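Trainee: Please pick one residue and take a close look at it. Then work outwards to whatever else deserves attention, and keep it brisk.

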2 protein chains.
Amino acid sequence: MTRQDKINQSGVAARRVTIADLSRELGITKGTVSRALNGYTDISASTRQRVERAAERLGYRPLTQAQAIRTGRSQSIGLVIETGNHDAHRPFLAEFLAGASSAAAAEGWTLTVSTADTPDQVLQRMQQLVQDRKADGFILPRTLSDDPRVAHLRAHDVPFVLFGRVADPTGCAWFDFKGGVAIRDAVHRLHAAGHRRIGYIGSTPEYHYEKLRLAGFRRGLSDLGLAEEPALMCENAVIRSQGAEAARQFLCQPDRPTALIYAVDDAALGAWDAAHEAGLAIGHDLSIVSYDGTKEGAAARPSLASYAVDNRYAGERLAHLLIRRVRGEAPEALREECDVPFRPGGSFGPVRGPTGGNPSGRMP
Amino acid sequence: MTRQDKINQSGVAARRVTIADLSRELGITKGTVSRALNGYTDISASTRQRVERAAERLGYRPLTQAQAIRTGRSQSIGLVIETGNHDAHRPFLAEFLAGASSAAAAEGWTLTVSTADTPDQVLQRMQQLVQDRKADGFILPRTLSDDPRVAHLRAHDVPFVLFGRVADPTGCAWFDFKGGVAIRDAVHRLHAAGHRRIGYIGSTPEYHYEKLRLAGFRRGLSDLGLAEEPALMCENAVIRSQGAEAARQFLCQPDRPTALIYAVDDAALGAWDAAHEAGLAIGHDLSIVSYDGTKEGAAARPSLASYAVDNRYAGERLAHLLIRRVRGEAPEALREECDVPFRPGGSFGPVRGPTGGNPSGRMP
DNA sequence: CCTCTTGCCGAAACCGGTTTCGGGATCTTT
DNA sequence: AAAGATCCCGAAACCGGTTTCGGCAAGAGG
């Protein structure tokens with residue numbers, strides 16, 4: 001009966017409505033209110049409804065911090081980014097965060113972001129976040145085939161979802177783009193445009209996505225009865241300069257390739273440099289297809305044909321999957337793979353004659 | 001005397017040490033332990049020391065969630081990023097996060113990141129984060145001269161620090177780079193290299209940094225006794241295409257400028273396009289100096305001369321400042337400004353003769 | 001009609017902290 | 001030596017929730 005209820009003076013930030021307010025309003029115990037809202041079975045349907053309506057009406061939302069100290073769950077998803085590494089993920093970050101954060105917010109969850117300079121520090125940070133209950137689980141971006149984060153979280157029984165896949169999928173949930181399918185498709189497209197000598201320039205082989213893309217390339221070749229030529233395949237090209245160097249190696253060969261497939265856009269732009277040096281015109285003398293769909297690729301001239309990944313969507317899906325994982329769903333039921341659309345570009349053209357000559361190239 | 005203390009079976013995740021463990025160990029009340037650790041004055045020096053030593057020895061760290069429900073503070077700094085806007089901040093994000101997160105982690109704080117599509121939604125998200133106690137305060141990136149976020153947070157008495165400055169600094173803490181000083185310095189450098197007709201291509205004038213950079217440009221002109229020519233100044237060039245269009249306008253004038261200063265690197269790269277069209281060689285017929293120090297600028301050929309901002313450092317400083325602000329320090333004492341180093345590049349060269357002719361330009 | 005379930009809710013402990021209140025012991029003061 | 005002020009700390013309430021336990025009332029079964 002105290003009159004302390006109405007502390008809300010106009011203008012002053014309204015006090016939160018607590019579970020006690022609700023119980024007082026309804027003439028019911030706090031405990032009963034809590035059980036009614038949390039799906040306990042020992043609550044009558046009518047009471048549950050009254051409680052839910054009142055909660056809705058008063059705008060009650062439980063304070064996660066208070067819940068957390070009992071339940072151990074804080075409704076926040078953790079994301080630890082390894083910096084210091086080559087920052088290939090950098091351009092995706094903003095879109096990815098946007099997707100993850102909005103999906104999380106839709107469920108009343110939040111996103112706790114941390115960074116670390118080394119793989120070991122990543123593990124430490126995750127450990128600390130989970131001990132401090134600042135994260136109920138993690139999204140793991142840029143998965144390695146054999147990823148120490150997976151081993152660590154598995155051992156400590158912390159929920160997680162992969163952005164990408166790993167060699168041993170036991171107990172893993174994930175979202176991934178079908179990069180292998182895309183690269184295989186690229187081989188088909190190039191073949192259809194007359195290309196027969198197609199080179200592949202991959203990324204870091206420790207990343208599992210690279211294994212899948214390389215496999216997709218091989219699959220494409222065998223689909224079409226083309227032979228695998230080791231001289232036309234390499235890996236470890238992540239940035240522009242490395243992509244350029246790889247292209248130089250291929251282009252100076254006697255029977256040079258007429259098309260190159262890159263695993264990542266950043267490296268693919270190196271082909272512009274190598275082609276320029278060799279006097280070849282991209283899209284005419286040499287076709288390039290890549291993967292990522294970066295803005296930089298689209299801005300190149302001619303523009304880079306690529307498979308365009310929607311990182312915002314990935315963030316959304318991963319946040320959803322992780323939340324469901326934390327809530328107890330089995331990891332096997334939480335696996336999604338998504339097609340990647342081809343983004344045409346001027347770097348893709350039909351093969352031009354059998355010769356590697358005419359180095360000055362261009363022809364209107 | 002129960003033996004439940006030692007739940008720690010080997011391999012199982014060790015239980016957190018709580019304040020109760022500590023009080024039991026010391027034969028002291030929970031309350032006393034708490035007061036001892038939180039700087040209350042009614043604790044004897046000897047007791048305080050005993051408590052601190054024991055806390056250290058047992059590795060006690062209070063659970064922020066539990067503290068939060070009483071104190072209202074959760075030791076986390078909020079960052080709400082507006083997406084949907086032009087994503088000019090995109091490339092900085094990863095470095096900025098790395099700085100902020102590591103500085104926060106060093107103090108036991110965490111970073112809660114959220115995104116929003118519109119300015120209104122930004123306010124809503126901040127409101128919610130602070131009501132849910134998921135953020136004790138905010139870092140505000142990309143400040144407008146008259147920023148609605150500042151008004152909102154000021155009105156609701158929520159701590160914040162600016163990345164950048166605003167027109168009315170009342171009650172504001174901030175970290176900012178001296179962009180105005182940098183642009184002024186650019187004018188001086190160009191003047192020293194013989195340039196007399198220098199154009200300025202600014203960014204969106206609503207952002208306060210743009211006002212400062214424009215002011216720096218004017219200051220530079222007046223330093224050197226050069227006249228301001230409206231025909232050689234414009235704004236609203238944020239991306240490459242806009243930067244190119246602005247350059248075209250300037251270059252087709254009878255007495256074209258020999259140098260251009262851009263407020264942002266992304267726009268500056270448009271000069272490469274415009275110069276190419278006009279048959280001018282960047283760094284010879286036309287010098288370009290810009291601001292940001294992006295990788296894309298460094299990768300251009302010739303490379304873009306620019307003032308290189310260290311966004312990781314900015315993140316660190318801002319996290320520090322915000323934490324101190326939340327702890328109660330006056331905003332006036334929390335203002336930092338930082339010089340920006342010049343990054344030389346091939347786009348900067350001495351002026352070449354008085355003529356705008358010789359359109360084919362290059363000369364070994 | 002009596003016992004046995006079952007459904008449903010109140011009472012109270014609990015989570016891990018913080019903060020107020022009051023009082024005993026020691027030290028000053030007169 | 002008695003009275004008052006100070007120094008410290010224990011006791012207990014509190015924050016906003018969750019969860020266990022037990023019992024009353026109504027329905028089922030014999």
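**One arginine, then the DNA**

Mentor: B:Arg343 counts as buried, at 19% relative accessibility. The cut-off for that class is under 20%. Keep in mind that the model is predicted.

Where does B:Arg343 sit? It belongs to strand 12 of chain B, which covers residues 342-343. Its side chain reaches the backbone oxygen of B:Thr294, at 3.1 Å. B:Thr294 is also among the contacts of B:Arg343 once neighbours within four places in sequence are set aside. The others include B:Asp265, B:Gly293, B:Gly297 and B:Ala298. A run from B:Leu304 through B:Ala305, B:Ser306 and B:Tyr307 to B:Ala308 is in contact with B:Arg343 as well. One of these partners shows how the chain folds back. B:Ala305 is 38 residues from B:Arg343 along the chain, yet their C-alpha atoms are 5.7 Å apart.

Now a second buried residue, this time in chain A. A:Thr47 has a relative accessible area of 19% and is therefore classed as buried. Helix 3 of chain A, residues 45-58, holds A:Thr47. Its side chain makes a polar contact of 2.9 Å with the side chain of A:Ser44. Leaving out residues up to four places away in sequence, A:Thr47 touches A:Ile28 and A:Thr32. The accessibility figure has a catch. It is computed on protein chains only, so the DNA does not enter into it. That matters here, since A:Thr47 is one of the residues that come nearest to DNA strand C.

So take DNA strand C next. Which residues come nearest to it, out of the 28 around it? They are A:Thr32, A:Thr47, B:Ile19, B:Lys30 and B:Ser34. Both chains are in that list. Of the strand C atoms within 4 Å of the protein, 61% are sugar or phosphate atoms, and bases supply the rest. By class, the surface near strand C has 10 nonpolar, 11 polar and 7 charged residues. Helix 4 of chain B gives the largest share, 5 residues.

Three atom pairs fill in the detail. B:Gln67 places a side-chain N or O atom 2.8 Å from a phosphate oxygen of strand C. A:Ser44 uses its backbone: a polar atom there is 2.9 Å from a phosphate oxygen of strand C. This A:Ser44 is the partner of A:Thr47 in the side-chain contact described above. A:Asp42 reaches a base, with a polar side-chain atom 3.0 Å from a base nitrogen of strand C. As for elements that give two or more residues to this surface, chain A supplies helix 2 (30-37) and helix 4 (64-71), and chain B supplies helix 2 (30-37) and helix 4 (64-71).

DNA strand D comes next. It is surrounded by 28 residues, and the closest are A:Ile19, A:Lys30, A:Ser34, B:Arg35 and B:Thr47. Sugar or phosphate accounts for 59% of the strand D atoms within 4 Å of the protein, and bases for the rest. The surface near strand D divides into 10 nonpolar, 11 polar and 7 charged residues. Here the largest share, again 5 residues, comes from helix 4 of chain A.

The atom pairs at strand D touch base, phosphate and sugar or linking positions. B:Arg35 has a side-chain N or O atom 2.7 Å from a base oxygen of strand D. A:Asn38 has a polar side-chain atom 3.2 Å from a phosphate oxygen. B:Arg70 has one 3.3 Å from a sugar or linking oxygen. The elements giving two or more residues to this surface are helix 2 and helix 4 of each of chains A and B.

Step back to the domains. Chain A is divided into domain 1 (3-62), domain 2 (76-177 + 311-339) and domain 3 (179-309). The centres of domains 2 and 3 of chain A, taken over C-alpha atoms, are 29 Å apart. Their contact takes 15 residues from domain 2 and 14 residues from domain 3.

Last, the cysteines. How many disulfides are there over all chains? The count is 0. A:Cys234 is in none, and its nearest cysteine sulfur, in A:Cys252, is 12 Å away. Why does B:Cys234 lack a bond to B:Cys252? Because the two sulfurs are 12 Å apart, which is too far; the cut-off is 2.5 Å. A:Cys234 is partly exposed at 22% relative accessibility. B:Cys234 is partly exposed too, at 22%.

How values were computed. Residues are numbered from 1 along each chain as its sequence is written. Chains are lettered from A and ligands numbered from 1 in the order in which they are written. This is a predicted model: local features need pLDDT of at least 70, side-chain atom pairs count only at pLDDT 80 or more; totals for chains, interfaces and linings use all residues. Side-chain values use heavy atoms; hydrogens and water are left out. A residue is near a molecule or strand if one of its heavy atoms lies within 4 Å of it. A polar contact is a pair of N or O atoms within 3.5 Å; within protein, one must be able to donate a hydrogen and the other to accept it, and residues adjacent in sequence count only if both atoms are side-chain atoms. Helices (H or I, at least four residues) and strands (E, at least two) are DSSP runs, numbered from the N terminus. Ala, Val, Leu, Ile, Met, Phe, Trp, Tyr, Cys and Pro count as nonpolar, Asp, Glu, Lys and Arg as charged, and the others, Gly among them, as polar. Buried means under 20% relative accessible area, exposed over 50%, partly exposed in between (1.4 Å probe, protein chains only). Domain bounds come from an automatic or database domain assignment. Contact means heavy atoms within 4.5 Å.
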